Amino acid sequence: MCKVLPEKCGCDEGAVMKEFMTGNHAIANAVRLCRTPLIAAYPITPQTSIYEKLSEWEASGVLKGIMMRTESEHSAMASCIAASLTGVRTFTATSSQGLALMHEMLHFASGCRAPVVMANVNRLLAAPWGFWADQTDSLSQRDTGWIQFYAENGQEALDSVIQAYKIAEQVYLPAMVAIEAFFVSHFMEPIDLPDQDAVDRFLPPLDLPHRFNIDKPGYLVPVVPQELYREYKHMAFLSMDSVKEIAIKVDREYKEEFGRGYGIIEPFMFDDAEIVLVTAGSITSTARVAIKSLRDDGYKVGLLKIRLFRPFPREAACAALLGKKKVGVIDRNISIGSGGIFCQELRGALLGIAPQPLTYSYIAGIGGSDVDVETIRKVAFDVMKRTEPKEEAIWIKEDF
């Protein structure tokens, strides 16, 4: 937690500096604090205000890096990859169709082992058109080799971007921090802004060993035989798997420096819970209120938040849910033909434990539809009454 105040504040030294801002502006502040030299920009609702704030700082000289305006999201990611491979820290942001347009270059970023950091503001994918929250856009990119974090609020988004750089630059893989459209991107809340010196201590300058070097010319992205391609992917797989341990370590270091930590999963009112609801992103905040009210009514219900999605924290989730009777996963996303994507991943992880809890998939909040406290209480009661397995997803609508 920051101990430094701006001179204009006039408050006592040692007090905590907070500013009232949106989730998008919290991310922009994180990018500024990380001294990111290259920001590739292409606007799309609802992430554009990230670029607007960074552009404002570029014009006023507050931002020490440069912004590169590109002709598309595909070009923005190509620019980030090229710049990253010269050894500089890079950032871009996108959403929905923009992320879909980037798809080809997402594979290039991970294949080139470029530690690009990107914010994705989750917005539904067309068709039909809409601008509301839905995590399917980023979850559709789960196999591109990117680390993925899902932030509950603006403060966590800011902290996650700073942590993402430190993780990505250790494993040489790109990282994505996802927040939900409007629920987080445009919602204003008090944010602790870390002190610049503290961020500098926490995040050293990027030192990319395979960067372009004019004194030692090389060639990246060659055509390779089958066995060498397999070796590239195996090395990337092992690096991605190491992220689970590194992310825990980085989060612990962050908490020591700034007073805030989140883990890769977060249990809430959990130890004696017989039934657990699982959430990711902003629904978690509503679920905390619902769980407290259920506890007040005498129900042993707990909450498990999943913050790191890729790599999926299989070992941590299994350890947490071992011994629990039933689990209800609430997804603000959908894999057509299968169900909720977080539920898919969790069910796969739980195959390794015995006895397995009965796990139910609830589709809620698709397209930004509201998920209030009463809805989450109804989900908990639905889990309580079920005694048989159910593979099919349960859709939460007005008549649920």
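Here a trainee and a mentor talk through a sheet, a helix pair and two pockets in a predicted model.

Trainee: Let's start with the sheet. What makes E10 and E13 a pair?

Mentor: Two strands pair if there are at least two bridges between them. Strand E10 (residues 275-279) and strand E13 (residues 326-331) have four bridges, so they pass that cut-off. They run in the parallel sense, and Val-276 sits opposite Val-327 in E13.

Trainee: Where do those two fit in the whole sheet?

Mentor: The order is E9-E11-E10-E13-E14-E15, an open sheet of six strands with mixed pairing.

Trainee: Why are E9 and E15 called edge strands?

Mentor: Strand E9 (265-268) and strand E15 (394-395) each have a single partner strand, so one side of each has no neighbour in the sheet.

Trainee: And which strands does helix H10 touch?

Mentor: H10 (residues 314-321) packs on the sheet against E9, E10, strand E11 (301-306) and E13. Its direction makes about 15 degrees with that of E9.

Trainee: Now the helices. How do H9 and H12 pack?

Mentor: Helix H9 (residues 283-296) and H12 have axes 8 Å apart, at an angle of about 65 degrees. The crossing is right-handed.

Trainee: How do you know that they really meet?

Mentor: A contact needs heavy atoms within 4.5 Å. On that basis, residues of H9 including Ile-283, Val-289 and Leu-294 meet residues of H12, among them Val-373, Ile-376 and Phe-381.

Trainee: What makes up that contact by class?

Mentor: It divides into nine nonpolar residues, two polar and one charged.

Trainee: On to the pockets. What is the volume of the largest one?

Mentor: About 890 Å³. The largest pocket is lined by 31 residues, and the closest to its centre are Ser-110, Gly-111, Tyr-232, Lys-233 and Ala-236.

Trainee: What makes those count as lining residues?

Mentor: A lining residue has an atom within 4 Å of a point of the pocket. Helix H4 (96-111) and helix H8 (226-258) are the elements giving two or more residues to this lining, and H8 has the largest share, with nine.

Trainee: How does the lining of the largest pocket divide by class?

Mentor: There are 17 nonpolar, six polar and eight charged residues.

Trainee: And what about the second largest pocket?

Mentor: That one holds about 320 Å³. Of its 15 lining residues, Ser-369, Asp-370, Ile-396, Lys-397 and Glu-398 lie nearest the centre. Helix H12 (residues 373-385) gives the largest share, three residues. By class, the lining has seven nonpolar, three polar and five charged residues.

Definitions and conventions: Residues numbered from 1 in each chain as written. Predicted model: local features only at pLDDT ≥ 70, side-chain atom pairs only at ≥ 80, totals over all residues. Heavy atoms only, no water. Axes fitted to C-alpha atoms, helices over the stretch in contact; angles between N-to-C directions. 1 Å grid on protein atoms, 1.4 Å probe; cavity = no way out; pocket = protein on both sides within 12 Å on 5 of 7 lines; lining within 4 Å. Points joined across faces, edges and corners; volume = space filled by probe spheres on them. Nonpolar A, V, L, I, M, F, W, Y, C, P; charged D, E, K, R; others polar. Left-handed = near helix turned anticlockwise from the far one by under 90°.
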